[in-house]
Amino acid sequence: MADRRVVRATPDFFALIDAQLGDERGPNDEPTSAEFEAYELLAIIERFAIGWDDLPQQFPGRPEYRLLIAAGRLVPMVAVVGQHAPDGAVELIDIAIDLHGPWR
C-alpha cells in the first residue's frame with residue numbers, strides 16, 4: 001500500500017471555490033461554498049492522500065502535478081489539480097466545479 005500523503009489546500013484554492021459557488025445557493029439550487037467544503041472537499045482530500053500515484057499527470061512529463069476528475073455528491077463534476085510540494089505534502093492549487101453536467 002502506498003504511503004498516505006499530507007494534503008493541504010492553499011488560500012487561493014479556497015478563493016476559487018468561493019468565486020465559483022459563493023455564500024448563497026444558486027438560482028438552480030447550486031450548493032454554497034461552505035456546503036461544498038463540508039460535503040465534497042474531504043473526499044477530494046482523501047483521494048489525493050491515498051491515491052496520488054494513481055492520478056494522471058496534468059502535464060505529461062511533469063509528475064509533480066496531478067489531476068483528479070470526479071463526480072460529486074452536490075455537483076455533477078469537479079476537476080482538482082494537486083501539486084507535490086518540496087516538503088512531500090500535496091497542495092491543492094486549482095479547482096473547476098461543473099454545476100451543469102453533460103446533460104444540459
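# A walk through the predicted model

Aspartate 29 is found in the loop between α1 and α2, and in this predicted model its backbone deserves a look, since phi of aspartate 29 is near 70 degrees, a positive value in a residue other than glycine. The two helices on either side of that loop are α1, residues 11-21, and α2, residues 33-39.

From this loop one can step back to the chain as a whole. The protein chain contains three helices and four strands, and when these are read along the sequence they follow the pattern β-α-α-α-β-β-β. A compact globule of 104 residues would have a radius of gyration near 13 Å, and the value for the protein chain, 14 Å, agrees with that. Taken along the principal axes, the C-alpha atoms fill a box of roughly 40 × 30 × 25 Å. Of the 104 residues, 34% count as buried, while the surface that the protein chain exposes comes to about 6300 Å², with carbon and sulfur atoms supplying 54% of it. Among the contacts with a separation of 6 or more, residues 24 or more positions apart account for 47%. As for charge, the protein chain has 9 positive and 18 negative side chains, and the centres of these two sets lie 6 Å apart.

The strands can be followed through their pairings, beginning with β1. Strand β1, residues 7-9, pairs with strand β4, residues 90-98, in the parallel sense over three bridges, and within this pairing valine 7 stands opposite valine 90 in β4. Just after β1 comes threonine 10, which lies in the loop between β1 and α1. Threonine 10 has a relative accessible area of 16%, and because the cut-off for buried is under 20%, threonine 10 counts as buried. Leaving aside neighbours within four places in sequence, threonine 10 is in contact with Glu91, Leu92 and Ile93.

Strand β4 has a second partner, for strand β3, residues 77-84, pairs with β4 in the antiparallel sense over eight bridges. One of the facing pairs here is valine 81 and aspartate 94 in β4; another is glutamine 83, which stands opposite glutamate 91 in β4. The hairpin of β3 and β4 has five residues between the strands, and in this hairpin glycine 88 takes a positive phi near 95 degrees.

Glutamine 83 also leads to the next pairing, as it is the bridge partner, in β3, of tyrosine 65. Strands β2 and β3 pair in the antiparallel sense over six bridges, and they form a hairpin with six residues between them. In a regular strand the side chains alternate between the two faces of the sheet.

Aspartate 98 is found in strand β4, and it offers an example of residues that are far from each other in sequence but not in space: aspartate 98 and methionine 77 are 21 residues apart in sequence and 5.1 Å apart in space, C-alpha to C-alpha. Not counting its neighbours within four places in sequence, aspartate 98 is in contact with Val75, Pro76 and Met77. With a relative accessible area of 27%, aspartate 98 is partly exposed, because that class lies between the 20% and 50% cut-offs.

The helices bring us to α3, where Leu41, Ile44, Phe48, Ala49 and Gly51 are buried. An α-helix has 3.6 residues a turn, so residues three or four places apart point the same way. The buried residues of α3 pack against β1, α1, α2, β2, β3 and β4.

After α3, which spans residues 41-51, the chain enters the loop that leads to β2, residues 65-70, and proline 63 lies in this loop. Proline 63 has a relative accessibility of 39% and therefore counts as partly exposed. Setting aside residues up to four places away in sequence, proline 63 touches Trp52 and Gln57. The C-alpha atoms of proline 63 and glutamate 46, by contrast, are separated by 19 Å, although these residues are 17 residues apart along the chain.

Definitions and conventions
Residues numbered from 1 in each chain as written. Predicted model: local features only at pLDDT ≥ 70, side-chain atom pairs only at ≥ 80, totals over all residues. Heavy atoms only, no water. Buried < 20%, exposed > 50% of the residue type's maximum accessible area, 1.4 Å probe, protein only. Contact = heavy atoms within 4.5 Å. Rg over C-alpha atoms; globule rule 2.2 N^0.38 Å. Areas by Shrake-Rupley, 256 points an atom, 1.4 Å probe, with all protein chains shown as cover. Lys, Arg positive; Asp, Glu negative; His and termini not counted. Charge placed at Lys NZ, Arg CZ, Asp CG, Glu CD. Pairing = 2+ DSSP bridges.
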